[in-house]
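The following exercises concern a predicted model. Each task is followed by a solution in steps.

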2 protein chains.
Amino acid sequence: MTAQKVSKRPTIRDVARLARVSPSTVSQVLRGHKGYASRETTERILAAVEELGYRPDAIAQSLVTARTRTIGLIISSITGPLFPQVLSGIEQEARQQEYSVLLICAKDIEQERAAVQIFRDKRVDAVIFMTTSREQPDLAFISQMASEGYPIVVINRPLGDPAIHEIVWDDLAIGRIATEHLIGLGHSRIAHVAGTLGPTGYSYWAAVERLAGYRQALANAGLAVDEQLLIEAGHSSARAFEATDHLLKLAELPTAIFAVDDTVAVGVMNALQRAGYRVPQEISVVGAGGAYDELQTEPPLTTVYMPIKEAGRRAARHVIGAIDGHKSAVPHREVLAPKLRIHGSTGPPPDVQSYH
Amino acid sequence: MTAQKVSKRPTIRDVARLARVSPSTVSQVLRGHKGYASRETTERILAAVEELGYRPDAIAQSLVTARTRTIGLIISSITGPLFPQVLSGIEQEARQQEYSVLLICAKDIEQERAAVQIFRDKRVDAVIFMTTSREQPDLAFISQMASEGYPIVVINRPLGDPAIHEIVWDDLAIGRIATEHLIGLGHSRIAHVAGTLGPTGYSYWAAVERLAGYRQALANAGLAVDEQLLIEAGHSSARAFEATDHLLKLAELPTAIFAVDDTVAVGVMNALQRAGYRVPQEISVVGAGGAYDELQTEPPLTTVYMPIKEAGRRAARHVIGAIDGHKSAVPHREVLAPKLRIHGSTGPPPDVQSYH
DNA sequence: CTGAAAGCGCTTACAG
DNA sequence: CTGAAAGCGCTTACAG
């Protein structure tokens, strides 16, 4: 009574029978291999394939070829801001090259290990890691995989293993570019609403680097860092909102704020608006990102853009190249350059006139 | 010179040899099957498994069991607002039940077909569709799969095939609840910034339903619909911004706006702010969503929440149940109820006093 | 309780 | 140019 398979899927034997040849010949024709079958045989086989609607069973193929045309992807958070763009890039490139992607979410090292085990069992051809935690200690299992010959790329997590391909954004440059933009506009009291900084426990590499870029830009311009203008806010709009409230209690306000990322920037702008400050007339705001196809703020946010989707595309391209044994696929570190996108949230400081 | 597999992965034969039994016995012990091996044999086998670090090859297993413990997921847009939450729910549930998810993005019917073909070839055990277009004509290939015995669930796309499980949000209720909330606050001039409406070509079911819910609520309250207060804005903040500007040019302004979703609501609020209107003192705004873990607006947005992640979880639960042949897995339509979440963006209309 | 045999659906040397 | 044989690594009746 219940639904069931109407007819079994045809196998290569069915095709062979119908075309009156052996399965080997069918296989060879379909793979386009060696002793090219005669034109006649080929046509008969193709006709049989067509007639039966035959498609090779990928599982059976994998068993013998030891290739699955599948890439494993391990990410730490699906709902995080970077993930959709990265996945989108990976999936797009993979699909184009006739690979598919198997996805597992892993929140910590233990889950990462488990994911890797599943990927090994399912015989993926390569794995891409996009996990942002900075725990370094136990990452040996990644190196281990690489040494076994698995193509691997790690996105946004500096491992430092020369055998593993890394794709990273230049976070130092992001901090520098954002800050230099503000300096260029004439600002000298520039606050930074930072991400989760170390060194205790969980930390984000990017946050530390962007802060360093901020300091570097100030130093280059001969400006001192006022530590009061430095505030940690994690990576949420809500905490950024509070952090900004804090900044606004200072005796001497900043004239510009560099927010560690766009999400944080939204919180900053909301706090400014709530407190009655006009952006950018009284206070400028610059973010960093590229996560959102569309992040609408009023005024539109000036931001340092990172090519996130491109990172995904390159990751897929690299592992596929490695699977296919391309020479170009030797592991190294790819650094993606950020780019300033100026919109309405930044402008000269209110007292810029007095400088002239 | 180049990296290569250090040692071949151990097979069931290696284990058998080491434990001095046959591969069949190893398999039976590992599966926990029938003629339970003697305690002694079992221990010897387990020890051998441990010593060699043996793990069964999932591909080989799949070939004989005709099960891959893999669910195929087809989505139309990775960067769309619903997707991350849905995927997160699916992946979480799947992982818990030891399934993995194979992901393919398909922008149109042709790509969907191709994706389905890949899934068939790779022998996924079930497929989940999360594709939002409303093209109905060619969806027969989905019914076809179902009739072949593939467990299938479709999220957010009313197919109307009783053989296919559907998970949908009650979009009509969303429109009704949002509007009733505003009516309850005393509003009578309520605008609606709608999504992409049909009937020409591409359209979103949800947008149409939410609009219907809006109309229904107004009708129930004995309020006439002022068609001037109805404006289509797609699903982007930017277009919502423009649409709102339009509304603000009306001779008689609305005192409240129901935005078809949260993204649109952001555009609406930005436009109001830009034009100098205070929310909610002068104009109230209500959205709908659940897409964002955190959507920060100032003031915080009142919204009709949809349990998006839950939809993903249920989709996975359903197909896995069906794969395992559970009786509970008969296809039907699951409707997820939305829930009003009141925050700061809605309040009584400015002239509410005059009603008393 | 344990093992030999067959088979899942392919591909790949190797003969002829 | 084509086919028989072996094998990929498992599981599943079936004997014993």
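**Exercise 1. Determine which residues are closest to DNA strand D, and characterise the surface around that strand.**

Solution.

Step 1. Collecting the neighbours of DNA strand D gives 28 residues, the closest being Ser24(A), Thr41(A), Ile12(B), Ser27(B) and Arg31(B). Of the atoms of DNA strand D that come within 4 Å of the protein, 61% belong to sugar and phosphate.

Step 2. Sorting the surface near DNA strand D by class yields 13 polar, eleven nonpolar and four charged residues.

Step 3. Assignment to secondary structure shows that at least two residues of this surface come from each of the following: helix 2 (23–31) and helix 4 (58–65) of chain A, and helix 2 (23–31) and helix 4 (58–65) of chain B.

**Exercise 2. Identify which parts of DNA strand D are approached by Ser24(A), Tyr54(B) and Ala60(B).**

Solution.

Step 1. For Ser24(A), an N or O atom of the side chain is 2.7 Å from a base nitrogen of DNA strand D.

Step 2. For Ala60(B), a backbone N or O atom is involved, and it lies 3.5 Å from a base nitrogen of DNA strand D.

Step 3. For Tyr54(B), the partner is a phosphate oxygen of DNA strand D, at 2.9 Å from a polar side-chain atom.

**Exercise 3. Describe the contact between chain A and chain B by residue count and by buried area.**

Solution.

Step 1. Chain A contributes 56 residues to the contact, and chain B contributes 56 residues.

Step 2. The size of an interface is often expressed as the accessible area lost when the parts come together. Between chain A and chain B, about 5,000 Å² is buried, with 53% of this area given by carbon and sulfur atoms.

Step 3. Within chain A, the residues that lose the most area to chain B are Ile59(A), Gln296(A) and Glu298(A), which together make up 15% of what that side buries.

**Exercise 4. Establish how strand 6 of chain A is covered and which strands pair with it.**

Solution.

Step 1. Strand 6 of chain A spans residues 190–194, and five of its five residues are buried.

Step 2. In a regular strand, side chains alternate between the two faces of the sheet. Here Ile190(A), His192(A) and Ala194(A) point one way, while Ala191(A) and Val193(A) point the other way.

Step 3. Strand 6 of chain A runs parallel to strand 8 (residues 256–259) of chain A, joined by four bridges. With strand 7 (residues 230–232) of chain A, strand 6 pairs in the parallel sense over three bridges.

Step 4. Val193(A) illustrates both pairings: its bridge partner in strand 8 of chain A is Ala259(A), and in strand 7 of chain A it stands opposite Ile231(A).

Note on methods
Residues numbered from 1 in each chain as written. Chains lettered and ligands numbered in written order. Predicted model: local features only at pLDDT ≥ 70, side-chain atom pairs only at ≥ 80, totals over all residues. Heavy atoms only, no water. Buried < 20%, exposed > 50% of the residue type's maximum accessible area, 1.4 Å probe, protein only. Pairing = 2+ DSSP bridges. Near = heavy atom within 4 Å. Polar contact = N/O pair within 3.5 Å; in protein donor to acceptor, adjacent residues only side chain to side chain. Nonpolar A, V, L, I, M, F, W, Y, C, P; charged D, E, K, R; others polar. Contact = heavy atoms within 4.5 Å. Buried area = accessible area lost by both parts, 1.4 Å probe.
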